[in-house]
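Got the model open in your viewer? Let's walk through it one selection at a time.

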Amino acid sequence: MRPLRATDYPGIDLSIDIVLWGIVIVGIFSFIILAYGLWRFSAKRNPVASRTTPLAFRRLVFLDVAVLIFDIALLAVNIYFWSDLLIQNDDESIRERAASENAEVVHVKAIGRQFFWTFLYPGPDGQWDTNDDIIRGNTLVLPTNAYVVVDITSNDVVHSFFLPHFRIKYDAIPGVNTRVWFKTTQEGKYEIACAELCGSGHYKMRGIIEVLSEKHYQEWLKQISGNAYPQYAALTPEAGTASPNTAPSNEKTE
Ligand SMILES: [Cu+2]
């Protein structure tokens, strides 16, 4: 079963449905052709091997063309949905979209480490790398009805930032900044998972997205801003969700 959708972008669900049902239809056809071949070309019915392509096979060539057209259509549909997430993810188009819907834009950074997530907010001044930047371990607090722009990166190995409820899954790659966006539509607590085997603690690398009402979010922001986390907080997760691995790691990762 699919997790609850806490974002208003239905494109990914639709593309998963199209791919899934497409595979089911192609699969059923393939098995019918296979069964037909077993029956039609059995040794019992054909004691002498044919040296030419049987007419029945030549007639089936159109199926190859049909599958090819189907594949191209599938690719086109998926490119259409993904392009919205990948290409139109620059700040300006997100801001325009948000303004037209009277929604807020929240820009955060997500950094993967063995084995926890660190989240950074620009703080009250809206500027990065200033003293009021907010640093949180493993918990991403967001307002509802907001466009959330996330810059994903990693500090050690490849992780994957997976938000099943927001239909987002992107690799966190050291030295690479990957931008994704989603929109929050309902309050609640949602799981953040790491979807890339990143070492021995991979299984416990999970965080929480907490979507609050606008009022509660502003209260949280005020409370956290006046109480800025010390820099080392970025290196330790909040209690209970995961523990940092400070020992040098020579594990095999992928
Ligand atoms: Cu990981």
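**Stop 1: two helices side by side**

Helix 1 and helix 3 are roughly antiparallel to each other, because angles over 145 degrees count as that (under 35 is roughly parallel, 65 to 115 roughly perpendicular, and the rest oblique). To find them, select residues 11-40 for helix 1 and residues 61-86 for helix 3. They pack at an angle of about 165°, with their axes 9 Å apart. Axes here are lines fitted to C-alpha atoms, for helices over the stretch in contact, and angles run from 0 to 180 degrees between N-to-C directions.

A quick word on what you're looking at: this is a predicted model, where local features need pLDDT of at least 70 and side-chain atom pairs count only at pLDDT 80 or more, while totals for chains, interfaces and linings use all residues. Residues are numbered from 1 along each chain as its sequence is written. Helices (H or I, at least four residues) and strands (E, at least two) are DSSP runs, numbered from the N terminus.

Which residues of helix 1 meet helix 3? Among them are Ile12, Leu14, Ile18 and Val26, and on the helix 3 side the list includes Val67, Phe70, Leu74 and Phe81. Contact means that the C-beta atoms of two residues, placed from the backbone, lie within 7 Å.

**Stop 2: the sheet around strand 1**

Now select residues 104-113, which make up strand 1, and residues 146-154, which make up strand 5. These two run parallel and are joined by nine bridges; strands pair if DSSP finds at least two bridges between them. Click on glutamate 104 and you'll see alanine 146 of strand 5 opposite.

Next, add strand 2, residues 116-121. Strand 2 pairs with strand 1 in the antiparallel sense, over five bridges, and lysine 109 stands opposite leucine 120. The two strands form a hairpin with two residues between them. Zoom in on that loop, where you'll find phenylalanine 115. A cis peptide bond, with omega about 0°, joins glutamine 114 to phenylalanine 115. Most residues other than glycine have a negative phi, and most peptide bonds are trans.

Zoom out again: this is an open sheet of five strands in the order 3-2-1-5-8, with mixed pairing. Strand 3 (134-137) and strand 8 (178-183) stand at the edges with a single partner strand each, so one side of each has no neighbour in the sheet. From one strand to the next, the twist averages 25°.

**Stop 3: the other sheet**

There's another open sheet of five strands to pick out, in the order 4-10-9-6-7, again with mixed pairing. Its edge strands are strand 4 (139-143) and strand 7 (168-172), each pairing on one side only. Here the twist averages 20° from one strand to the next.

Start with strand 4 and strand 10 (residues 206-212), which run parallel and share five bridges. Proline 143 stands opposite leucine 212. Then show helix 5 (residues 214-225), which lies across both strands and runs at about 130° to strand 4.

Move on to strand 6, residues 159-163, and show its side chains. Which ones are buried? His159, Phe161 and Leu163 point to one face and are buried, while Ser160 and Phe162 point to the other and are not. Buried means that 20 or more other C-beta atoms, placed from the backbone, lie within 10 Å of the residue's own; 12 or fewer is exposed, and in between is partly exposed.

Strand 6 and strand 7 run antiparallel, joined by five bridges, and phenylalanine 161 stands opposite tyrosine 170. Their hairpin has four residues between the strands, and there arginine 167 takes a positive phi near 55°. Arginine 167 counts as buried because it has 20 C-beta neighbours inside 10 Å.

For another positive phi, select asparagine 138, near 65°, in the loop between strand 3 and strand 4.

**Last stop: the nonpolar core**

In soluble globular proteins, nonpolar side chains tend to be buried together. A nonpolar core is a set of buried Ala, Val, Leu, Ile, Met, Phe, Trp, Tyr and Cys residues joined through C-beta atoms within 7 Å. The largest one here has 32 residues, and those touching the most other members include Ala110, Trp117, Val148 and Leu163. Strand 5 gives the largest share of this core, four residues. Finish on leucine 163: leaving out residues up to four places away in sequence, it touches Ile168, Tyr190, Ile192 and Ile209.
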